[in-house]
Amino acid sequence: MEQLLDITSWILMTLGGVFVFIGGLGALRMPDLYTRMHAAGITDSIAPILIVSGLILQAGLTLASVKLLAILVFLLLTGPTSSNALASAALLAGKRTEQAQPYVPESKE
Amino acid sequence: MTVIFGVFLLTLLLITGIAIVQTQNLFVSVMLSGMFSLLLAANFFLLDAADVALTEAAVGAGISTVLLLSALAITAKHEKAPSSNSNRVVALIVVTVTTLVLIYSTFDNPRFGDPNAAVHQHVGPWYMEKTAEAIDIPNVVTAVLGSFRGYDTLGEVFVVFTAGIGVLFLLGTPLGPFAPGNPYKSTDPKGLRHYLIPRVVGRMLIPFILLFGLYVQFHGEYGPGGGFQAGALIAAAIILYALLEGEDRALKVIPRGVLIGLIAGGALLYGTVGLFGIFLGSNFLDYSVLSSDTVHAQQMGLILIEAGVGITVTGVLLSIFHAFAARGKF
């Protein structure tokens with residue numbers, strides 16, 4: 001049982017690390033801002049889920065797990081939000097992909 | 001393992017530093033300096049300096065990035081090209097000489113983690129030994145900072161106080177930012193009020209950031225934390241509110257007059273606690289006479305002065321932020 005948990009946690013953490021690597025690679029290699037952010041978004045969403053779940057399995061039923069869970073919730077709330085804010089700011093500032101239609105910000109009060 | 005990780009972080013720190021110098025785009029260099037602070041905070045944490053790491057993360061990576069960005073909003077976005085080559089030669093010579101002197105001075109430093117180093121032999125052991133007996137709190141850092149070396153911390157609070165006053169003199173407008181007739185009207189007083197997603201998530205997070213700030217403030221005797229970190233966290237929560245909801249609403253929460261009161265009040269609280277030591281027949285900043293039980297009195301003094309530190313830091317950081325934001329765009 002102990003060993004099974006250990007193996008599972010290591011698999012989760014390694015997968016998380018692989019996703020971080022893919023995210024970093026994508027951020028370097030993708031052609032424009034939006035596709036780069038799409039790649040970097042992986043490091044905000046799936047990677048922390050996997051890595052923190054792995055760490056929680058390592059910590060067991062302790063206070064540390066609760067703290068890790070709180071960190072995970074915080075990361076899952078803020079990461080995608082900041083990605084969204086960045087993309088939206090880029091769109092408003094007039095960054096375009098080649099395929100995208102021109103964006104007209106709607107003015108509402 | 002820790003050493004390898006530390007060296008890795010220091011290498012990243014070096015790369016970030018070079019990138020900051022290299023880039024001409026000031027926005028990029030502000031973002032990089034945020035990264036620099038975060039890496040430094042991780043390094044401090046590796047060296048078991050959790051209190052310093054918390055300060056560095058909250059002030060360096062959080063608040064100062066926001067302050068620098070709001071300063072950038074009223075200046076240019078790109079660095080000016082260096083005027084002449086002769087300046088560069090002088091700069092190169094100065095940097096080379098300084099580097100050589102610094103490298104030379106490291107030869108006399110004790111080895112990393114050497115228990116016989118001078119810092120570990122001087123007053124350190126005495127503090128470690130006496131804290132449990134005199135103050136009875138687990139976090140020796142807070143005991144040293146607040147009680148044993150209370151003078152230094154008082155000085156730091158007054159440095160923060162003076163810095164705040166200085167920035168307000170340079171930037172602060174006598175009128176409120178939205179008062180009629182104020183020439184420096186902020187261009188967009190509404191913040192991100194129109195933009196739903198950050199607003200919803202941000203508003204959800206603000207109470208927790210405030211709660212964490214209060215925890216760091218009042219748990220400073222038992223874990224990493226204290227007034228400086230808590231002040232930065234609480235200021236960060238309110239700055240987040242200002243960014244999301246707009247300057248005017250944030251100023252309704254804590255008006256300018258209250259902020260000035262916080263700046264002065266915190267430092268005053270610290271000084272008053274010190275003076276009470278004199279009035280009750282002991283030395284300045286000796287808390288042990290505040291109550292009949294000396295250990296209890298020390299803890300009381302620590303909580304009071306930490307509250308003073310937190311109040312001043314919150315007031316100064318928020319005032320600086322509002323001073324920048326009120327300038328608007330020229």
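## Overall fold of chain B

How many helices and strands does chain B have? In this predicted model, chain B has 13 helices and zero strands. Walk along the sequence and the pattern reads α-α-α-α-α-α-α-α-α-α-α-α-α.

As for dimensions, the C-alpha trace of chain B spans about 60 × 50 × 40 Å along its principal axes. The chain has 330 residues, and 34% of them count as buried. If you look at the contacts in chain B with a separation of 6 or more, 69% come from residues 24 or more positions apart.

## Two domains

Which stretches of chain B does the domain assignment pick out? It gives domain 1 as 1–85 and domain 2 as 139–330. Taken over C-alpha atoms, the centres of these two domains of chain B are 23 Å apart.

The two domains of chain B also touch: 14 residues of domain 1 are in contact with 19 residues of domain 2. On the domain 1 side, the residues that touch domain 2 of chain B break down into 10 nonpolar, three polar and one charged.

## A look at helix 8

Helix 8 of chain B covers residues 150–171, which makes 22 residues. Does its length come out as expected or not, and what are the numbers? At 1.5 Å a residue the helix should span 32 Å, and its end C-alpha atoms sit 31 Å apart, so the two values agree.

Now for the sides of this helix. The buried residues of helix 8 of chain B are B:G150, B:T153, B:L154, B:V157, B:V160, B:F161 and B:G164. Seen down the axis of helix 8 of chain B, these buried residues fall within an arc of 120°, so they line one face of the helix. What do they pack against? The partners of the buried residues are helix 7 (140–148), helix 12 (256–279) and helix 13 (294–327), which belong to chain B as well.

Flip to the other side of helix 8 of chain B and you find exposed residues, including B:Y151, B:D152, B:G155 and B:V159. Further along, B:T162, B:A163, B:G166, B:F169 and B:L170 are exposed too.

## Where chain B meets chain A

Chain B has a neighbour to deal with: six residues of chain B are in contact with seven residues of chain A. What classes of residue does chain B bring to that contact? The side of chain B that touches chain A has five nonpolar residues, one polar residue and no charged ones.

How values were computed. Residues are numbered from 1 along each chain as its sequence is written. Chains are lettered from A and ligands numbered from 1 in the order in which they are written. This is a predicted model: local features need pLDDT of at least 70, side-chain atom pairs count only at pLDDT 80 or more; totals for chains, interfaces and linings use all residues. Ala, Val, Leu, Ile, Met, Phe, Trp, Tyr, Cys and Pro count as nonpolar, Asp, Glu, Lys and Arg as charged, and the others, Gly among them, as polar. Helices (H or I, at least four residues) and strands (E, at least two) are DSSP runs, numbered from the N terminus. The expected span of a helix is 1.5 Å times one less than its number of residues. A residue is buried if 20 or more other C-beta atoms lie within 10 Å of its own, exposed if 12 or fewer, and partly exposed in between; C-beta atoms are placed from the backbone. The arc is that of the directions from the helix axis to the C-beta atoms. Domain bounds come from an automatic or database domain assignment.
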